[in-house]
Amino acid sequence: MTATDEDFSRHLSRWGTHSAKWDLLAKDLGENAIALSVADMEFVSCPEVREAIADAAALGAYGYTEVFDDFAEAATAWMTRRHGWSCEVEDVHFFPRVVQCVAALVDHVLPRDDRPVRVVTLDPAYSPLLEVCERAGTDLVRVPMRDTAASASIDWEALEEALADADLLLWTNPHNPTGRIWSVDEQRRLAELLRECRALVLSDDIHCDFERPGGQRYSALASVAKDLWMSGRIVHCASPGKTFNIAGLEATAICVHGPLGAELEAAKRRMGLHNPNYFAIPAAIAAWTKGDAWVDALAKEIDANLEAARSLLARLLPEARVSDPDGTYLLWIDASAYIGSEADLVRAERAASVTVSPGPDFGPAYDRFFRINTALPRQELLEGITRLAGALTRN
């Protein structure tokens with residue numbers, strides 16, 4: 001079964017569903033609000049996933065479930081088909097979310113007696129991962145990226161200095177919020193730095209299925225730096241959550257070779273993480289085994305949305321600097337010409353009845369930036385941009 005035009009063009013009302021994007025963040029903006037914020041999609045999931053969930057629901061009994069090899073087999077087969085790299089089934093460990101794996105590392109696996117765990121991240125970055133690190137009392141080192149709203153790049157000298165005494169690097173590929181897919185050459189350079197230090201790297205690759213047609217191809221760090229993978233220094237994170245709009249079901253494949261896997265399993269038990277959500281496993285398996293054609297159609301739709309959104313932003317906010325992402329469905333925007341602070345953005349959101357993700361969610365240096373989610377019907381996306389741009393230019 002494949003996607004139809006209707007899958008990507010019909011309006012989806014999520015009011016009253018306990019939605020974080022709608023019932024929390026957009027609750028004060030009225031029924032005509034348009035949400036361009038939280039990184040989940042305003043598209044229904046693929047038919048095979050919906051069917052698997054409906055079949056599971058039809059049983060009428062929702063007891064404890066367990067993770068078996070079919071979850072890992074589906075994950076590894078998807079990674080092989082779609083991205084040309086995979087690992088052994090025994091290297092796959094179930095976690096509900098990447099953020100919980102980060103918590104396991106900084107709270108249980110990496111702590112040492114002589115000093116706090118030292119964590120390095122590129123800046124800007126996805127804040128929930130950093131919040132876990134901060135609440136764990138880590139020494140969090142942010143390495144600012146260069147020119148983040150245009151051709152975002154890494155300050156390699158600063159990264160090398162930060163990694164010198166680091167315990168953990170948080171690596172995101174594709175990068176959120178800039179949308180960069182790191183090239184093989186960039187990841188080889190990263191691997192060289194990692195070989196000169198002792199840091200573990202967690203590679204959060206949950207957006208990796210969103211590649212732009214004809215653009216930069218995604219490669220897993222583990223496929224580029226096989227020695228680091230085999231030595232157990234790469235924790236690779238994959239999930240159907242973003243790709244199939246099932247993030248709320250919480251299913252993540254944490255891939256790691258060697259004894260660190262057992263340490264993560266022990267940490268998971270200490271954190272009270274036992275059985276998965278009843279619907280998580282059947283949905284993930286259906287997505288990874290039957291979802292290829294739907295994802296191919298989705299990628300084309302997202303690419304068209306990104307192009308349309310960038311074109312409209314160039315016309316309505318000509319002085320804004322807008323990313324041209326390699327991957328994800330996100331646009332990172334430097335709106336310094338239109339806002340002086342996050343407060344100006346909030347006023348524009350209220351005036352337009354449109355929500356976006358404010359820049360400070362990704363780092364304190366980005367109070368004149370915001371992020372737009374383009375994964376919604378194109379007419380609604382362009383209406384939201386038009387309304388927000390009008391409010392920003394009236395500020």
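Is R14 buried or exposed? I started the notebook with this residue, keeping in mind that the model is predicted.

**Entry 1: R14**

I placed R14 in the loop between α1 (5-9) and α2 (20-24). Its relative accessible area is 17%. The cut-off for buried is under 20%, so R14 counts as buried. I then looked for a polar partner and found the side chain of D40, with which the side chain of R14 makes a polar contact at 3.1 Å. Leaving aside neighbours within four places in sequence, I listed the contacts of R14 as S19, K21, W22, D23, D40, M41 and E42. D40 thus appears both as a contact and as the polar partner.

**Entry 2: P360**

Next I looked up P360, which sits in the loop between β12 (357-358) and β13. I read its relative accessibility as 27%. Partly exposed covers values between 20% and 50%, which is why P360 is put in that class. With neighbours within four places in sequence left aside, P360 is in contact with E342, Y366 and D367. I also checked P360 against L193, 167 residues away along the chain. Their C-alpha atoms are separated by 29 Å.

**Entry 3: β10 and its partners**

From that loop I went on to β13 (residues 369-373), which pairs with β10 in the antiparallel sense over five bridges. Within this pairing I noted that I333 has F370 as its bridge partner in β13. I found a second partner in β9 (residues 321-322), which runs antiparallel to β10 and is joined to it by two bridges. There the bridge partner of R321 is D334.

How many residues of β10 are buried? I counted five of five in this strand, residues 330-334, and entered β10 as mostly covered. I sorted these residues by face, since side chains in a regular strand alternate between the two faces of the sheet. L330, W332 and D334 lie on one side, L331 and I333 on the other, and both faces are covered. The two bridged residues I had noted in β10 are therefore on opposite sides: D334 on one and I333 on the other.

**Entry 4: α4 and α13**

Last, I looked at a helix pair, for which the angle and the distance between the axes serve as the description. How do the axes of α4 and α13 cross, and at what angle? The axes of α4 (residues 69-83) and α13 (residues 292-316) come within 12 Å and cross at roughly 45°. I therefore entered the two helices as oblique to each other. The crossing is right-handed. For the residues that meet, I wrote down W78, R81 and R82 in α4, and D292, V295 and D296 in α13.

Methods:
Residues are numbered from 1 along each chain as its sequence is written. This is a predicted model: local features need pLDDT of at least 70, side-chain atom pairs count only at pLDDT 80 or more; totals for chains, interfaces and linings use all residues. Side-chain values use heavy atoms; hydrogens and water are left out. Buried means under 20% relative accessible area, exposed over 50%, partly exposed in between (1.4 Å probe, protein chains only). Helices (H or I, at least four residues) and strands (E, at least two) are DSSP runs, numbered from the N terminus. Two strands pair if DSSP finds at least two bridges between them. Contact means heavy atoms within 4.5 Å. A polar contact is a pair of N or O atoms within 3.5 Å; within protein, one must be able to donate a hydrogen and the other to accept it, and residues adjacent in sequence count only if both atoms are side-chain atoms. Axes are lines fitted to C-alpha atoms, for helices over the stretch in contact, and angles run from 0 to 180 degrees between N-to-C directions. Angles under 35 degrees count as roughly parallel, over 145 as roughly antiparallel, 65 to 115 as roughly perpendicular and the rest as oblique. A crossing is left-handed if the near helix is turned anticlockwise from the far one by less than a right angle, and right-handed if clockwise.
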